[in-house]
Amino acid sequence: MLLHASPDLTIYHITLSPGLQYPPHNHLMDALIGIYKGSETNFIYPVDGSEIDAPERHDVAAPAVVHMNPDTVHAVANTGSARSGALHVYLGNLTETHRHMWSPDSTHAEPFDNERYLAGARPIRPGSGKGGRKVSVLRGGVNEHSASLRPDNGRRVLSRFKNIAARL
Ligand SMILES: [Fe+2]
């Protein structure tokens, strides 16, 4: 459900059914995913031009905040046994951005289309993806973060987010 969209901020409330995996896509802006219920898995894809390669798998359980850079390509799945819940915060207007998705059976980028994105949900393939830590995870709030979050990057995103929040 879309909660807010303005030129520098978009907020969605998104819940995912267990056992489903959605198509790879990018956002072309910083994304902060605050998972408050259940667990989600991110498959992070290496990109070469507009082609994607085999993804790395990253499992996250609530409560956690995941940060993705503007160039990140990911596919999200609910690998848990219950419905997951998350607030998705994007530092830009995601609803008006010409971004990309990749069909489940293709490695070539296509324009993002919400209907095709939702129709592209598939059962999770067991064991898909290599283990990895390409996303930054901030556990238990935005002040604590894992070593994988580069401090400069974290400070940049949080300071931008605070500026935007102060204007709401
Ligand atoms: Fe996404």
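Select M29 first: in this predicted model, M29 lies in the loop that connects β4 (25-26) with β5 (31-37). Display the surroundings of this residue next. M29 counts as partly exposed because 18 other C-beta atoms lie within 10 Å, whereas a buried residue would need 20 or more.

Keep M29 selected and add its contacts. Apart from neighbours within four places in sequence, M29 is in contact with P70, Y90, L91, G92, L94 and T97. Then add D8, which is 21 residues away from M29 along the chain. A distance drawn between the C-alpha atoms of M29 and D8 should read 9.7 Å.

From the loop, proceed to β5 (31-37) and display it together with β10 (residues 64-68). Which sense does the pairing of β5 and β10 take? The two strands are antiparallel, and five bridges join them. To inspect one of these positions, select I35 and A64: A64, in β10, is the bridge partner of I35.

Now colour β10 by burial. Is this strand mostly covered or mostly open? Strand β10 is mostly covered, with four of its five residues buried. While viewing the strands, one may recall that side chains in a regular strand alternate between the two faces of the sheet.

Finally, zoom out to the whole protein chain. It contains two helices and 17 strands. Of its 168 residues, 30% are buried. Among contacts with a separation of 6 or more, 76% join residues that are 24 or more positions apart.

Conventions
Residues are numbered from 1 along each chain as its sequence is written. This is a predicted model: local features need pLDDT of at least 70, side-chain atom pairs count only at pLDDT 80 or more; totals for chains, interfaces and linings use all residues. A residue is buried if 20 or more other C-beta atoms lie within 10 Å of its own, exposed if 12 or fewer, and partly exposed in between; C-beta atoms are placed from the backbone. Two residues are in contact if their C-beta atoms, placed from the backbone, lie within 7 Å. Two strands pair if DSSP finds at least two bridges between them.
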